[in-house]
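Thank you all for coming. I would like to walk slowly through one structure today, so please have the sequence and the model open before we begin.

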Amino acid sequence: MKLQLAAVRIAVAPVDMRLGADALSLLVQQALGAAPCDGTAYVFSNRRRNRLKLVCWDGNGVWLCQRRLHRGHFVWPQAGDAVCALSEEQWQWLVAGVDWQRLCAPAPAAWRL
């Protein structure tokens, strides 16, 4: 079954991966200032960036998904903003463990062959 996501937002600060759907939803409300039941998927990571948790409320309940990389880490936005929005393509690259930020980066101005 494929979860259809209206929007994906990354919570930039690391969280305790022991937190469940209710505690993560509370973080969405308090730390990010958003409504957890707005159809947006909120993604959280641990400090080492090798685990993700996604929480998303649909019309019937809540989805709580987890992903763990056995090698490497997820590429995460830099601290500064509390939350970062992703396109569907960027989300697919992120969960695959690919540097999704470099896919959209412009070529260097001094690029020469």
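Let me start with a question: which residue in S4 does Leu54 stand opposite? It is Cys65 that faces Leu54 from S4, and before I go further I should say that what we are looking at is a predicted model.

From that pair we can work outward through the strands. Strand S3, which covers residues 51–57, is joined to strand S4, residues 62–68, by seven bridges, and the two run antiparallel. The connection from S3 to S4 is a hairpin that passes through four residues.

On the other side of our starting residue, Leu54 in S3 also has Val43 standing opposite. Strand S2, residues 40–45, pairs with S3 in the antiparallel sense as well, over four bridges. The hairpin of S2 and S3 has five residues between the strands, and within that hairpin Arg49 takes a positive phi near 60 degrees.

How enclosed is S3 itself? Five of its seven residues are buried, so S3 is largely enclosed by the rest of the structure.

Now I would like to stay for a moment with the loop between S2 and S3, where we find Asn46. Is Asn46 buried or exposed? With a relative accessibility of 11%, Asn46 counts as buried, because the cut-off for that word is under 20%. The side chain of Asn46 makes a polar contact of 2.7 Å with the side chain of Asn50, and a polar atom of that Asn46 side chain also lies 3.2 Å from the backbone nitrogen of Arg51. If we set aside residues up to four places away in sequence, Asn46 touches Pro14, Val15, Met17 and Arg51.

Those contacts bring us to another part of the chain, and to my last point, which concerns charge. Side chains of opposite charge can pair when their charged atoms come close. How many salt bridges does a search of the whole structure find? The search finds one, and in it the side chains of Arg18 and Asp16 meet at 2.7 Å, taken from N to O. As for their surroundings, Arg18 is exposed, with a relative accessible area of 73%, whereas Asp16 is partly exposed, at 34%.

To close, I would ask you to keep two places in view: S3, paired with S2 and with S4, and the buried Asn46 in the loop between S2 and S3.

Key. Residues are numbered from 1 along each chain as its sequence is written. This is a predicted model: local features need pLDDT of at least 70, side-chain atom pairs count only at pLDDT 80 or more; totals for chains, interfaces and linings use all residues. Side-chain values use heavy atoms; hydrogens and water are left out. A salt bridge is a side-chain nitrogen of Lys or Arg within 4 Å of a carboxyl oxygen of Asp or Glu. Buried means under 20% relative accessible area, exposed over 50%, partly exposed in between (1.4 Å probe, protein chains only). A polar contact is a pair of N or O atoms within 3.5 Å; within protein, one must be able to donate a hydrogen and the other to accept it, and residues adjacent in sequence count only if both atoms are side-chain atoms. Contact means heavy atoms within 4.5 Å. Two strands pair if DSSP finds at least two bridges between them.
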